[in-house]
Amino acid sequence: MTQRVTYRRRHSYNTKSNKVKVVKTPGGKLVVQYRKKSASGPKCGDCGISIQGIPHLRPQEYKQLSKRQKTVARAYGGSRCGGCVKQRVVRAFLIEEQKVVKEVLKRRAAAAAAPAK
């Protein structure tokens, strides 16, 4: 017959926050060790993939870190992944280029219309 173990804390339900691991001591007794929740780490707000360069910690543990350990040194660092930042930069550049092309075409149309008058 296997030896039964009991919780060591007052929380008596098998919930996500009360997970345990049964460990055998050198004396041969089975005891309970409480497991911490696994941290998923920050995700990109656009595509949802995990952001590289930032440790996967629980929220209280982030409080202990300095700012440089919680972010990445780039625009949108710590909020968006590098690929999404690149897409945003390219999109902004293309939109600006489109505006310039529109303006040039407008000027050409105006120049072509002026001699015709």
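# A briefing on a predicted chain of 117 residues

Ile-54 is buried, with a relative accessible area of 5%. The model in which this residue sits is a predicted one, and the chain as a whole has three helices and two strands. Of its 117 residues, 14% count as buried, and Ile-54 belongs to the buried class because its 5% relative accessible area falls under the 20% cut-off. The points below begin with the chain as a whole and then turn to single residues.

**Overall fold and shape**

- Following the sequence from its start, one meets the elements in the pattern β-β-α-α-α.
- The radius of gyration of the chain is 29 Å, whereas the globule rule gives 13 Å for 117 residues, and so the chain is more spread out than a compact globule.
- The C-alpha trace spans about 105 × 30 × 20 Å when it is taken along its principal axes.
- Among the contacts in the chain with a separation of 6 or more, 28% are between residues that stand 24 or more positions apart.

**Surface and charge**

- About 10100 Å² of the chain is exposed, and 54% of this area is supplied by carbon and sulfur atoms.
- The side chains include 29 positive and 5 negative ones, and the centres of these two sets are 21 Å apart.

**The surroundings of Ile-54**

- Ile-54 is placed in the loop that runs between β2 (30–34) and α1 (59–62).
- Leaving aside residues up to four places away in sequence, Ile-54 touches Pro-42, Tyr-62, Gln-69, Lys-70, Thr-71, Val-72 and Gly-78.
- Measured out along the sequence, Ile-54 and Gly-41 are 13 residues apart, while in space their C-alpha atoms are 7.5 Å apart.

**Two cysteines without a disulfide**

- A search of the whole structure for disulfides finds zero of them.
- Cys-81 is in no disulfide, and the nearest cysteine sulfur to its own, which belongs to Cys-84, is 3.5 Å away; for Cys-84, likewise in no disulfide, the nearest cysteine sulfur is that of Cys-81.
- The pair does not count as a disulfide because the sulfur atoms would have to be within 2.5 Å, and the sulfur of Cys-84 is 3.5 Å away from that of Cys-81.
- Cys-81 is buried, with a relative accessible area of 10%, and Cys-84 is also buried, with a value of 6%.

**Arg-8, ahead of the strands**

- Arg-8 is found in the segment that comes before β1 (20–24), and with a relative accessibility of 61% this residue counts as exposed.
- Although Arg-8 and Val-31 are 23 residues apart along the chain, their C-alpha atoms are separated by 9.0 Å.
- Arg-8 also touches Val-32 and Tyr-34, when residues up to four places away in sequence are not counted.

**Lys-67 and Tyr-76, in and after helix α2**

- Lys-67 is part of helix α2, and its relative accessible area of 66% makes this residue an exposed one.
- Between Lys-67 and Pro-42 there are 14 Å in space, C-alpha to C-alpha, and the two residues are 25 residues apart in sequence.
- Tyr-76 lies in the loop that joins α2 (67–70) and α3 (82–116).
- The phi angle of Tyr-76 is near 60°, which is a positive value in a residue other than glycine.
- Tyr-76 is partly exposed, since its relative accessible area is 43%, a value in between the 20% limit for buried and the 50% limit for exposed.

Conventions. Residues are numbered from 1 along each chain as its sequence is written. This is a predicted model: local features need pLDDT of at least 70, side-chain atom pairs count only at pLDDT 80 or more; totals for chains, interfaces and linings use all residues. Side-chain values use heavy atoms; hydrogens and water are left out. Buried means under 20% relative accessible area, exposed over 50%, partly exposed in between (1.4 Å probe, protein chains only). Helices (H or I, at least four residues) and strands (E, at least two) are DSSP runs, numbered from the N terminus. The radius of gyration is taken over C-alpha atoms; the globule rule is 2.2 Å times the number of residues to the power 0.38. Contact means heavy atoms within 4.5 Å. Accessible areas come from the Shrake-Rupley method with a 1.4 Å probe; for residues, only the protein chains shown count as cover. Lys and Arg count as positive and Asp and Glu as negative; His and the chain ends are not counted. The place of a charge is taken as NZ of Lys, CZ of Arg, CG of Asp or CD of Glu.
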